[in-house]
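Open the model in your viewer and keep the sequence panel beside it. This tour goes stop by stop, with a selection to make at each one.

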Amino acid sequence: MMTSLDHLADSLQAKAEHLGIHKFDIYGATVDEISVQVDRGDPKQVKASQRSSVTVRVWNAAQQTVGVTSTTDLDADGLQLALQMAQEASGFGNPEHMPDFSPAARDPLPMPRWETPPQAPAALLIDRLVEAEKALLAAHPAIKGVPYNGLAQRDIDRFYLNSQGSRRQESQSLTSIYLYSKTEQEGRKPRSAGAFRISRSLADLDIAGCLQEAADKTISHLDYQKIPTGKYTVIFSPEAFLGLLGAFSNVFNAQNILDKQSLSTPESLGQPIASPLLSIADDAQHPRNVGSITFDGEGTPTRRLEIIQAGILSHFLHSARTAQRLGSQPTGHANIGAKVTVGAHFYDVYAARQPDHPYDLAQADQVIWIDDLHALHAGVKATQGSFSLPFDGWLIQKGEKISIESATVAGDFLDVLQSIIYVDPQAELTASGVCPPIWVEGLSITGE
């Protein structure tokens with residue numbers, strides 16, 4: 001509660017003054033989580049955990065440096081000790097590009113739009129997951145197991161305070177389920193597929209939708225076929241496109257740009273980077289984002305930020321430090337730690353405009369639908385822009401989907417952005433944002 005945060009802040013201010021510390025800030029988060037897994041109707045794992053992490057920064061005015069330390073102790077004595085350790089560490093800080101408080105750390109925050117519901121008991125989570133597993137196994141004779149599954153609830157509390165009077169706090173609850181099934185057929189390779197759903201409470205969780213999607217995808221991959229290697233028009237599913245976008249987020253990440261680990265430079269702002277059909281925003285407070293947050297690790301309020309508008313690179317994601325160095329304003333994307341990093345919250349991909357002749361999936365022919373990209377950690381060269389990734393998907397022939405046995409998609413991310421020929425008007429909700437299917441022409445597909 002804010003009353004306890006105020007009390008903690010006042011106490012720490014007094015302790016800091018006693019230690020001779022005149023400038024400090026603290027960011028902390030706690031997570032209470034319970035998760036369950038099942039195996040053929042029996043509980044496989046029931047796990048409860050409480051995790052906390054706090055980062056403390058202390059400024060050394062004499063040396064123009066900052067000391068950083070972390071702790072898991074959230075009481076006043078533990079935080080006082082962390083202040084002392086950060087003060088000592090400040091004597092060894094790097095004076096180059098010293099960070100400062102965000103100039104927006106005391107700006108008003110938007111009001112949260114929901115309350116934190118109570119967690120459901122573990123027994124109820126197990127019952128719901130057992131029911132889902134049973135229904136998925138019964139969906140088709142070839143489905144012989146659901147080797148990966150889970151149902152979890154998380155209560156998350158976050159706070160930020162600094163010596164200039166900034167005091168932020170918020171709480172949220174998340175409930176999620178994933179189901180990943182596997183088939184066995186004589187003379188055929190095992191096939192797998194899965195689905196994921198997330199909501200703010202168990203009562204609102206779309207378990208039936210998750211079950212249906214996992215079953216439909218798994219069954220659709222049973223009658224797979226080889227495809228010839230060649231150039232294809234490709235449709236990226238929302239999950240696949242956002243996965244690729246996340247792998248190449250250095251394009252609009254200001255810290256990556258300053259570190260020269262980006263496909264962009266400071267001069268890239270205002271330049272065309274994608275098809276004029278495409279627009280992308282990052283919006284932590286999007287109404288469909290169940291993990292919505294109102295401030296970042298530096299206390300900067302989050303807001304909607306247009307990254308690409310009709311193909312033009314419009315904004316970078318900033319922390320206070322990167323904004324200062326590039327003559328901009330912090331955007332609410334800082335993650336505080338030993339080093340402040342920058343990261344996206346929740347993507348909103350949408351059509352800037354529609355082409356003269358919209359594309360119809362029911363009429364598509366010799367088109368590849370990429371449903372799920374694999375090995376993003378290994379098959380992406382983020383600073384070069386290239387990728388080569390295995391995928392799950394279908395060949396669409398005259399509107400009919402035929403599962404692909406094994407294939408790899410390769411290309412250059414900036415070329416992909418420029419080669420977009422259609423952005424479907426119907427966006428779908430995923431774990432990392434809302435996005436429609438994205439049509440790209442001329443991508444290299446290597447079949448088996």
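Two strands count as paired if DSSP finds at least two bridges between them. Keep that in mind for the sheets below. Note too that this is a predicted model.

**Stop 1: an open sheet**

Select β10, β9, β8, β13, β21 and β20. These 6 strands form an open sheet in the order β10-β9-β8-β13-β21-β20. Its pairing is mixed. Look at the edges: β10 (312-313) and β20 (428-429) each pair on one side only. Now add helix α5, residues 238-247. Helix α5 packs on the sheet and touches β8 (278-282), β13 (347-351), β20 and β21. The direction of α5 makes about 115 degrees with that of β13.

Zoom in on the β20 edge. Antiparallel β20 and β21 (residues 433-435) are joined by 2 bridges. There, E428 stands opposite C435 of β21.

**Stop 2: I307**

Stay with this sheet and select I307, in strand β9 (residues 305-309). Is I307 buried or exposed? Buried means under 20% relative accessible area. I307 has a value of 0%, so it is buried.

Show what surrounds it. Leaving aside neighbours within four places in sequence, the contacts of I307 include F252, I280, A281, D282 and Y347. I312, L313, S314, H315 and L317 are also in contact with I307. Then pick S279. S279 lies 28 residues from I307 along the chain, yet their C-alpha atoms are separated by 7.6 Å.

**Stop 3: strand β22 and its partners**

Select β22, residues 438-447. Strand β7 (residues 230-236) runs antiparallel to β22, with 6 bridges joining the two. Find G230 in β7: its bridge partner in β22 is I445.

Next, add β18, residues 407-412. β18 pairs with β22 in the antiparallel sense over 4 bridges. A410 stands opposite S444 in β22.

Then add β19, residues 420-423. This pairing with β22 is antiparallel too, over 3 bridges. Here Y422 faces W439 as its opposite number in β22.

**Stop 4: strand β4**

Select β4, residues 143-162. Of its 20 residues, 15 are buried, so β4 is largely enclosed by the rest of the structure.

Add β1, residues 24-39. β1 and β4 run antiparallel and are joined by 12 bridges. E33 has R154 of β4 as its bridge partner.

Add β5, residues 167-183. β4 and β5 pair in the antiparallel sense over 16 bridges. G145 stands opposite K182 in β5. Follow the chain from β4 into β5: the two form a hairpin with 4 residues between them. In the turn, G165 has a positive phi of about 100 degrees.

**Stop 5: helices α3 and α4**

Select α4, residues 207-220. At 1.5 Å a residue, its 14 residues should span 20 Å; the end C-alpha atoms are 20 Å apart, which agrees.

Colour the buried residues of α4, among them I207, L211, E213 and K217. Which elements cover them? The cover includes α3 (122-137), β4, β5, β6 (192-199), β14 (367-373) and β16 (386-397).

Finish on α3. The axes of α3 and α4 come within 10 Å and cross at roughly 30 degrees. Angles under 35 degrees count as roughly parallel. The two helices are therefore roughly parallel to each other. α3 passes α4 in a right-handed crossing. Show the side chains that make the contact: R128, A132, A135 and L136 of α3, with I207, L211, A214 and A215 of α4.

Notes. Residues numbered from 1 in each chain as written. Predicted model: local features only at pLDDT ≥ 70, side-chain atom pairs only at ≥ 80, totals over all residues. Heavy atoms only, no water. Expected span 1.5 Å × (residues − 1). Buried < 20%, exposed > 50% of the residue type's maximum accessible area, 1.4 Å probe, protein only. Contact = heavy atoms within 4.5 Å. Axes fitted to C-alpha atoms, helices over the stretch in contact; angles between N-to-C directions. Parallel < 35°, antiparallel > 145°, perpendicular 65-115°, else oblique. Left-handed = near helix turned anticlockwise from the far one by under 90°.
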